[in-house]
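Hello,

Here is the structure I promised to pass on. Please have a look at it first, and then read my notes underneath.

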Amino acid sequence: MGAGGPRRGVGPPDGGWGWAVLGACFVVTGFAYGFPKAVSVFFRALMRDFGAGYSDMAWVSSIMLAMLYGTGPVSSILVSRFGCRPVMLMGGLLASAGMVLASFATRLLELYLTAGVLTGLGLALNFQPSLIMLGLYFDRRRPLANGLAAAGSPVFLSALSPLGQQLLEHFGWRGGFLLLGGLLLHCCACGAVMRPPPGPGPRLRRDSESDAPGEAEADRAGLSLSEAPLGGRTRRRLLDVTVCTDRTFAVYAVTKFLMALGLFVPAILLVNYAKDAGVPDADAAFLLSIVGFVDIVARPACGALAGLAHLRPHVAYLFSLALLANGLTDLSSARARSYGALVAFCVAFGLSYGMVGALQFEVLMAAVGAHRFPSALGLVLLIEAVAVLIGPPSAGRLVDTLKNYEIIFYLAGSEVALAGVFMAVATNCCLRSSQDALPCPGSEGGPSDTEDAEAKGDSEPLSTEEPSGLEAVGVPSPGTGPAEPEVEAGPGPDPGSV
């Protein structure tokens, strides 16, 4: 099976073994995003056993999400040094060990360190490498691939929430955590699928002779950044912080910070909100499944929509529209108390939430290009971690103080809607002027070439004229040719690499 991957001269294969990689990304994304929300079904039992409040329990999901996002730069460095596969295998073991150890917790601090820190770190070491590898296998079909992979989140949320409720009723929260820890071992199987994409062959083998095995795998995956000094020996930069000077990246980072303040709050507090409103426990847990069912349809559909030739150059505006719709949904549903109103909220929330999930990483890939995507993703996740540590715990503290969920929905909706407005205005006012001021297609990072590269993407999947644009995913590996202006993604021409 391992030899069945497609082989082309350069660039992402857009199929073949990439579909197996896509399936693994589907599972990993499902665990990474669905698990922190599904754990909320255990909160009432944990509050009773530990004598804690909503804000104390909200820290479990918040720490898990913060580790998922905040360890982004660490994950980028490890992937550049060792490659995707070993990092994901280790992440699966850590995620599983965290939940197993959490089943023996006797204090809140132990719960934070095991289920929060250890499991969150394990999920992070699976999530980011899977996204990087997906970008290396898909180029022309990348929006659809991102949408299908992102659909793992609602699928797993729909399954894990009722599963968690059943485990809680039959085995208690300790038994449920133990069994969920065993379930997380599937991440190891997903990591085993992540072999580097096929390359030209001889060039890659010669380059890898002078490197350590882990560095050779990272080179084959096109993940490491290097500089070629006069002596011929490459000097690696494991994390490219210069991406922070990119105006497109700065706009995206601010948008993600504002978005993360409120995006996850309704989903985390939804089950407990419904239970306090008098909804039976099973029906309250099913609300998250409704969000998941709608999300399942929304993500692939939005990914396919974003891949259309006329819409792909404007994916940033589509992303801002999704954020605005999600924020308005929260604002309009702040006073929902009946079960029917909560179901309507879940349908609208799942639709807009799915659009956000399908587009968020496609926008980042379009903004910075493939050769800087690993570093950009790590830095964005770190910024998002700060917002995640602020949003849900603050919402839980307000619930404990005010005994009212209405203000939570107003705050969360305002933050997400503001993120959408900012993204649209900044893209229109700042980025278009940047394109007029920087017309050179060979500039590093190429934020001004993004939409031009997009317009050519569907008809010319592997453009050699603009390697730093949107359509350059996976192309920065060696073998692009002497016309390649970038030096970070490869050690240089063949004679200099011997």
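Below are my notes on the whole chain, one helix and one serine.

Please bear in mind that this is a predicted model, in which local features need pLDDT of at least 70, side-chain atom pairs count only at pLDDT 80 or more, and totals for chains, interfaces and linings use all residues. Residues are numbered from 1 along each chain as its sequence is written, and side-chain values use heavy atoms, with hydrogens and water left out.

The protein chain has 20 helices and two strands (DSSP runs numbered from the N terminus: H or I of at least four residues for helices, E of at least two for strands). Of its 498 residues, 60% are buried, meaning under 20% relative accessible area with a 1.4 Å probe, protein chains only. Among contacts (heavy atoms within 4.5 Å) with a separation of 6 or more, 83% join residues 24 or more positions apart.

Helix α7 spans residues 142–150 and is mostly covered, with seven of its nine residues buried. Those seven are R142, P143, A145, N146, G147, A149 and A150. Their cover includes α1, α6 (108–137), α8 (152–183), α14 (281–306) and α16 (339–368).

Helix α1 (18–38) also leads to the serine: S40 sits in the loop between α1 and α2 (43–50). Is S40 buried or exposed? S40 is buried, at a relative accessible area of 1%. Setting aside neighbours within four places in sequence, S40 is in contact with I268, V271, N272 and L288.

Best wishes

How values were computed. Buried means under 20% relative accessible area, exposed over 50%, partly exposed in between (1.4 Å probe, protein chains only).
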